[in-house]
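Thanks for coming. I will go through some side-chain contacts in one structure, so please have the sequence and the model open.

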Amino acid sequence: MKKVIRISVIISLLIGCINVNAQQAKKISDNLFGVFFEDISYSADGGLYAELLQNRSFEYTANDKRGWNPLTAWEYTNNGFGYGTVSVETALPVSINNRHYIELNVEEEGREGVGLMNIGYDGIAVKAGDKYDFSCFIRQISNKSIPIKVFLQSKKGEILGESTFNTRSDKWEKYTAVITATQGSDSAQFVILAKEKGRLALDVISLFPQNTFKNRVNGLRADLATSIANLHPKFMRFPGGCLVHGDGLGNMYRWKNTIGPIEDRVEQRNIWNYHQTAGLGYFEYFQFCEDMGAQPLPILPAAVSCQNSGGTWRIGGTGQRALPMDEMPAYIQDVFDLIEYANGSPSTVWGAKRAAAGHPETFNLKYIGVGNEDKMTPEFKERFKMIYEAVKKTHPEVTVVGTVGPAPSGEDYDKGWELANQLSVPIVDEHYYEKPNWFLTNTHRYDNYDRSRSKVYIGEYASQGNTLFNALCEAVYMTSIERNGDVVQMASYAPLLARVGNTSWTPDLIFFTNSKVVPSANYYVQQLFSSNQGDVYYPNVLSISDRQDSTVGLSCVKDSKTGDLILKIANVGATSKMVKADLKKLGISKSTIAQKQLLVGQPKEQNTLTDAQRLIPTYSEMSISSDFMYETPAYSLTVIRIKPKK
Ligand code: AHR
């Protein structure tokens, strides 16, 4: 009895001035809606990572993608009738982690010099007046200084901005220059020319816009990062997905390979059939989380590779492989080291590396995920248990998120939950990519979950399409996530980004080209929910006459920080519906002006490159009384935000 009284006192405090029956209000996760970033569909290299040059370190190989080689995306150039040779070398690299570099031998410089041209990712987008940071490692081989010209050009060869410098060393040295674009272009090319006879080694040829998100060096594409930040995610899961456990043991994502100077990061094949420079690595992920005010949620492999390892064109798929047991202590140490990298003081070994990267303050890591929808083999279970128990013992301040397979039911799901129950894993990661109708018929999925078991993180979900209908089915489902926000602690749509023309997976939340960003209808649903999160859920404030109508989703939450009451009304039906809002139940007696956001359209509509703003929420104000009826339009999501007046 005492306990019940204490709980209702706490809830009353939580709900502040709102005078609702405390038994009915429910505390829900204040970390509910976030994002999941994976380098899939060119999301990182060629996407969020603002590097403009493709294959900057000459590390592409046919293993990344059939037909690729160290000169992919590069072309020999000698416009002014000079001549020379370009060869790929490995004998004296800048870093042993990335062995390939170029030797450029200018035999006759001609009018303009001889060099290399990079085509970027389907061209390079430049804006007139913007500044671009060039950098490159160069080693003189012919023991003489050589003048270098770097520039951006249009496809027709017009110069769009340039810079020059002279080489100065027989050792590898980093050169930098700034190119100011005199004209804009969507399809520029970058050229580096040696203007005199001689021999040079070149590596890590890089070009970044200075205008990155928050102006970070080695930063993120401002428009894409802004569109993610505008979701106001409470957390960000990274770096995958299947990318994490990798295509075979040698392809597992090892976080230590992704920090430090970019020339030393270990590049590797991307499981989605391209190449990862790791330029967007753990430091950049943590920094992006901090810049967005999102909790970082890194996912580490559970020391096993993806069960689907071995693609169709590679001979001999291996399936899931496990790290040998004698490597597990070192592997677990890597996990501890990550925690130290994020949370340790600069006087610790790994905290010092974070500080050296420019961030002496900690990153306040509270969660790590172990495993990604792995096959529940004995090898997986044994290793998961070892990692989980080690982290729990040594770092009780960090919550481990487990995994329960790739689907909302089935063998791995059942076995995953069995393991979670056995080990009392605090949170498990459920994934579901299902038809829209599944989302409508499964809104009661968590209503009867055993509240004493592990909590749930819905780490990946999507309704297999980007039409408004898909988005609204997700919206209806998301109202049920809020209703069950005491069980479901976090949820993130997947995948987040997709480069048009390079998509490995559909649907996606945000589509992009070099110069355009197209948020889908699903994006706006996510945004309406994640920008309007609450921490207390009130049942029975909203209602419709037909309680069985599965095409309508209703939710009422309060954000304790602002005191705002937030109503969400999703209607994926073909007719409008009358929704009753009974705010009197919350002790609200006065009329007020509320803010309303409405996403509405036809079910088959979607945003496209040519019609990017077709579906976008509109904002208006509405006056409401303490007991009002709202006519929710067909195919719509409405969010009503109220500052309650006593
Ligand atoms: O989100 C795309 C992929 O779907 C993820 O990499 C994987 O975890 C899931 O199968």
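Y285 has a relative accessible area of 2% in this predicted model, so Y285 counts as buried, the cut-off being under 20%. Its ring partner is F37, and the two form a tilted aromatic pair, 5.8 Å centre to centre with 55° between the planes. F37 is buried as well, at 1% relative accessible area. In the sequence these two are 248 residues apart: F37 is in the loop between β2 and β3, and Y285 is in helix α4.

What else is linked to this pair through rings? Ring pairs join F37 and Y285 into a cluster that also takes in F238, Y253, W255, Y282, F283, F286, Y341, W350 and F363. Over the structure, the count of aromatic pairs comes to 40.

Now the charged side chains. A search of the whole structure gives 34 salt bridges, and I will show a few.

Start with D291 and R216, whose side chains meet at 2.7 Å, N to O. D291 belongs to helix α4, residues 282-292, while R216 sits in the loop between β13 and α2, so the pair links parts of the chain 75 residues apart. Is each partner buried or partly exposed? D291 is buried at 17% relative accessibility, whereas R216 is partly exposed at 29%.

Next, K375 and D412 form a salt bridge with the closest N and O atoms 3.3 Å apart. K375 lies in the loop between β18 and α7, and D412 in helix α8, 37 residues away in the chain. D412 is buried, with a relative accessible area of 11%; K375 is partly exposed, at 32%.

The third example is K584 with D627, where the closest N and O atoms are 4.0 Å apart. K584 is in the loop between β30 and β31 and D627 is in strand β33, so this bridge ties together parts that are 43 residues apart in sequence. Here K584 is exposed, at 51%, and D627 is partly exposed, at 32%.

Some salt bridges join up into a network, and one such network links R254, K256, D334 and D337.

Last, charges over rings. The charged end of K149 sits over the ring of F151, 5.0 Å from the ring centre. Likewise, R453 has its charged end over the ring of Y449, at 5.6 Å from the centre.

That is the list; questions are welcome.

Methods: Residues are numbered from 1 along each chain as its sequence is written. This is a predicted model: local features need pLDDT of at least 70, side-chain atom pairs count only at pLDDT 80 or more; totals for chains, interfaces and linings use all residues. Side-chain values use heavy atoms; hydrogens and water are left out. Helices (H or I, at least four residues) and strands (E, at least two) are DSSP runs, numbered from the N terminus. Buried means under 20% relative accessible area, exposed over 50%, partly exposed in between (1.4 Å probe, protein chains only). Rings of Phe, Tyr and Trp (its six-membered ring) pair if their centres lie within 6.5 Å; planes under 30 degrees apart count as stacked, over 60 as edge-to-face and the rest as tilted. A charge sits over a ring if NZ of Lys or CZ of Arg is within 6 Å of the ring centre and within 35 degrees of the ring normal.
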